[in-house]
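Please look through the structure below with patience, and keep the sequence beside it as you read. The paragraphs that follow lead from single residues to sheets and helices.

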Amino acid sequence: MPSGWSEVARGACRALADELAKVTSRRTETDVPLLDGQEAGHTATRRLVRFEAQNEIGSAEGTRGLLVVQELQMEVEVISVFGAVVTLSVPSDAPSMREATLRIDLSWLLSAQSRRLWELQEGGPGFNAEAALKAVTPPDSGMVSSAPETGERLEPGETDRLNDGQRRAVELGLTPGVTWLWGPPGTGKTTTISALVAALAKRGKRVLVAAPTNAALDVVVTSLFDRAPQLAQDGTLVRLGQPTETLLNHPAGDAVLVDVVAAQRGTALAAERVAVGRRRQEVRNALVELRRVKGPFSNEQQQRRSELEWEAAELAAVAEGLDRLLLQFRRAICRDARVVAATAHQTVLDVLKGLTFDVVVLDEASMTTSVLALLVAGAGGGHTVIAGDFRQLPPVAVAGTPAAREWLHKSPFEKAGLVRAVKEGNAVHRLAALTTQYRMRPTIGRVVSTAFYRESPLVTAAAVLDRERRSRIRWASGELVVLDTSRLAARTARRQGTASRYNLMHAQLITALLGAATTQTRDLAMISPFTAQARLLESLLVDFGMDRWSSATVHRFQGGERDIVIYDTVDTGRGLPRLHPWFTDQDPESTGTRLLNVAASRAKDHLVVVGAFDQLHRAGSSADPLWRFFAHLLDEAIHLPWQEMLDLSDGSTEQIASSEVWSRLNEDIARAANVEMWLPADPLVGLPKVLPALRSLPAVNGEVHSSTVWIEPDRDGYLPAEALHARREGVNIRPCLPILESSAVVGDVVWSAGASLLGPDPGVVLRTESAPFADLVRRTQRRKRSAAVPGSGQLGDDCGRCQRMLVRFELLHRGSPDLRYECPSCDRSTRRMVRS
């Protein structure tokens with residue numbers, strides 16, 4: 001037992017306990033309320049129940065979670081998600097339920113790490129505490145190296161497709177001890193790792209290759225196939241866990257899966273599990289195809305959906321039983337393999353727990369907590385390679401205690417002191433830094449390097465200059481493009497009045513960007529730092545997308561690349577008056593700096609940044625990476641006026657003149673079956689103009705009205721006279737404070753405005769017609785419905801004392817939503833909170 005290990009283990013355990021406590025306390029923000037539960041079928045051991053989700057379901061089919069019904073909790077699986085309708089597989093003995101809460105988090109992984117650390121506080125078999133400590137503590141000799149370091153020389157053939165920097169990194173990684181590999185974007189970190197692992201395997205070493213995500217892991221595994229195809233034979237290389245399409249689509253991908261290897265060796269249970277897994281994937285693919293159907297389902301399609309959901313639930317139950325029976329077979333396969341590839345979390349789970357390796361390679365270590373890094377490193381004997389880019393995304397943790405900040409907010413790069421040493425200009429012991437980048441065109445690469453890699457500047461490889469441009473689009477006349485929304489007065493709001501930010505006008509402008517695409521626009525990504533905005537952009541793919549188009553958050557795109565990247569900054573300082581700290585924190589190592597770095601460096605040929613630069617690029621200094629990036633971007637980019645962008649597009653998004661707003665709204669309402677509006681405080685001179693059309697909407701369906709007009713009252717709770725008149729005329733008027741949006745969803749049409757849409761001067765008004773986009777905007781903006789706080793589609797109540805309408809208050813308390821439904825006149829405490 002090395003000195004200090006027990007104290008380190010206890011400190012890491014405290015950090016995990018703090019994180020678990022915080023995750024539990026934040027569940028009200030991430031829970032998904034479910035309404036209108038209906039039986040949808042049953043299998044031999046499970047029942048299928050469909051609900052209408054009041055929040056976005058951010059998880060794919062096959063995700064497990066907890067269903068909370070009053071005081072009862074039960075394990076469930078997400079079978080399918082169609083818009084707002086989610087189908088769950090619940091235990092056969094579960095009670096009938098109309099309302100419930102779906103809770104999906106990864107706290108079980110934190111619990112598994114904590115249990116493992118408690119087991120190892122005094123050491124234990126299959127774990128090298130000294131190797132674990134070395135991965136998170138500075139070496140005794142200090143961080144500074146007086147001379148360039150070299151390692152074991154590579155043999156002829158092993159240097160193929162490696163530049164000088166990559167070759168030196170591989171040679172250093174072949175020598176025992178801890179090697180740090182710094183791989184900025186596009187510098188071939190994956191190529192370097194695959195060459196190193198192939199060389200280690202050739203020398204007879206048993207290697208564990210780990211990464212924090214399945215996606216990152218499979219990028220390395222497929223690179224290994226290309227570097228050393230012989231590893232994919234006879235169980236020499238084994239992939240443990242859930243593979244991604246990156247691996248499954250590779251010709252050799254199937255052969256390395258642990259159950260496929262076991263089946264080839266005659267294990268009947270494994271062969272059955274492989275068949276079940278393949279069929280589950282086919283069923284999920286079929287459900288994905290059904291989700292692409294536009295308009296309501298036919299009877300045949302509805303029947304097909306029910307059959308697929310039933311089969312998915314049945315297959316999930318069979319797979320779960322087989323997984324329990326296959327544990328020892330999987331351990332034996334991994335024990336015999338030369339190279340095992342698994343996510344970092346797998347090292348504390350049953351299959352790998354206690355197995356040892358000669359060398360441990362941890363990729364994307366900048367995203368890995370120090371706790372998990374030491375657990376992974378402890379599976380080896382001290383020969384450890386820690387690879388990543390500490391200028392890209394950090395680990396994700398929510399607790400702010402001293403223990404959590406030390407062990408969960410820091411990656412091993414920070415914990416071992418490398419980041420500080422690099423920042424101070426010191427040469428770091430056993431650090432290999434890659435500098436030649438092969439991804440970004442010179443202008444993009446120059447801005448990224450200047451902003452984020454001043455200590456180790458990036459050099460663009462000559463091959464990039466000669467690379468053919470595969471994707472073309474009319475507005476991409478330069479490598480850098482700026483779409484400045486400063487004069488648009490676009491409003492930033494929060495999804496369903498809670499925390500995640502979105503910007504409707506930005507999404508509508510990006511709709512216009514996509515509308516200018518051609519068949520040559522093959523490879524494109526829309527990226528945003530906020531989940532709510534990323535999902536709004538994703539909805540555009542139904543009408544505009546091609547096979548290689550995608551939309552996701554920055555976190556989902558780390559490790560990826562696209563020919564064309566559209567980065568939506570979302571924040572404008574309007575609506576929500578304060579920019580997110582991601583855009584104001586001047587710490588060079590801040591999360592916002594890293595998010596911007598990752599987003600910009602995904603682009604190969606063209607990068608377009610959508611943002612209100614009057615807010616994003618204020619007074620600053622060259623010491624601030626964010627300021628440097630925006631300064632060089634604005635200096636070198638082509639500036640595309642948003643009005644010109646609308647003219648280049650296909651007309652899916654159009655600007656509506658102020659004089660035409662009321663007449664065009666009336667036309668849309670006349671064709672719609674439902675309307676929801678969100679109107680910030682202003683004299684609502686336009687409401688009487690659309691009142692006849694609102695009154696003509698379909699009648700109430702049960703307790704749900706076809707229209708809801710959310711209006712922001714004054715600070716004392718009084719509504720404008722126009723709103724009170726519309727309520728007396730039968731329109732569902734609901735007061736809400738504050739209202740950050742200024743928009744309407746009218747059937748399949750989305751409207752937005754810089755000022756109040758029905759005010760005397762609405763400012764810039766945009767109109768976008770797209771059914772998938774309108775559906776998701778409606779679900780993003782609609783207010784949650786519950787017994788305590790009525791939401792969209794429900795009538796409001798009057799105060800029993802003063803008879804004024806109760807107001808929905810949407811407050812944030814320490815980052816978590818605090819929804820209240822009260823009278824601002826009779827409840828002074830609420831009024832004081834809102835004013836403060």
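Valine 570 counts as buried, because its relative accessibility is 0%, where buried means under 20% relative accessible area, exposed over 50% and partly exposed in between, with a 1.4 Å probe and protein chains only. This valine 570 lies in the loop between E21 and helix H23 (591-600), where helices (H or I, at least four residues) and strands (E, at least two) are DSSP runs numbered from the N terminus. Although valine 570 is not a glycine, its phi is positive, at about 70°. Most residues other than glycine have a negative phi, and most peptide bonds are trans.

The model is a predicted one, in which local features need pLDDT of at least 70 and side-chain atom pairs count only at pLDDT 80 or more, while totals for chains, interfaces and linings use all residues. Residues are numbered from 1 along each chain as its sequence is written, and side-chain values use heavy atoms, with hydrogens and water left out.

Aspartate 234 also has a positive phi, of about 60°, without being a glycine. Its place is the loop between helix H7 (214-227) and strand E9 (237-239), and aspartate 234 counts as exposed because its relative accessibility is 67%. Another backbone feature is found at the peptide bond from leucine 737 to proline 738, which is cis, with omega near -5°; proline 738 sits in the loop between strand E27 (733-737) and strand E28 (743-746).

Two further loop residues can be followed through their contacts. Threonine 187, in the loop between strand E7 (178-182) and helix H6 (189-202), counts as buried because its relative accessibility is 0%. If residues up to four places away in sequence are not counted, threonine 187 touches Gln166, Leu434, Thr435, Thr436, Gln437 and Leu458, where contact means heavy atoms within 4.5 Å. The C-alpha atoms of threonine 187 and asparagine 163 are separated by 9.9 Å, and these two residues are 24 residues apart along the chain. Arginine 495, which belongs to the loop between strand E17 (492-494) and strand E18 (501-503), is buried with a relative accessible area of 14%. With residues up to four places away in sequence again left out, arginine 495 touches Asn55, Glu56, Ser500, Tyr502, Ala532 and Thr780.

We can now turn to the sheets. Strands of a sheet pair through backbone hydrogen bonds, either parallel or antiparallel. In one open sheet, 6 strands follow the order E20-E19-E21-E22-E16-E23 with parallel pairing, and two strands count as paired if DSSP finds at least two bridges between them. Strand E20 (548-553) and strand E23 (638-639) are at the edges and have a single partner strand each, so one side of each is left without a neighbour in the sheet. Within this sheet, strand E19 (residues 523-528) runs parallel to strand E21 (residues 562-568) and is joined to it by 4 bridges, and alanine 525 has valine 565 in E21 as its bridge partner. Helix H20 (residues 531-539) packs on the sheet and touches E19, E20 and E21, its direction making about 160° with that of E20; axes are lines fitted to C-alpha atoms, for helices over the stretch in contact, and angles run from 0 to 180 degrees between N-to-C directions. Helix H17 (residues 442-452) lies across strand E16 (480-484) and strand E22 (603-611), and runs at about 60° to E22.

A second group of 6 strands closes into a barrel in the order E1-E2-E5-E4-E3-E6, with antiparallel pairing. Neighbouring strands of this sheet are turned by 45° against each other on average, direction ignored. Strand E2 (residues 46-53) pairs with strand E5 (residues 85-91) in the antiparallel sense over 7 bridges, and threonine 87 in E5 is the bridge partner of arginine 50.

Finally, consider a pair of helices. Helix H19 (residues 504-515) packs against helix H30 (residues 771-781) at an angle of about 170°, with their axes 13 Å apart. That makes H19 roughly antiparallel to H30, since angles under 35 degrees count as roughly parallel, over 145 as roughly antiparallel, 65 to 115 as roughly perpendicular and the rest as oblique. In their contact, Leu504, Ala507 and Gln508 of H19 meet Phe773, Val777 and Gln781 of H30. Helix H30 is largely enclosed by the rest of the structure, because 9 of its 11 residues are buried, including Pro772, Phe773 and Ala774.
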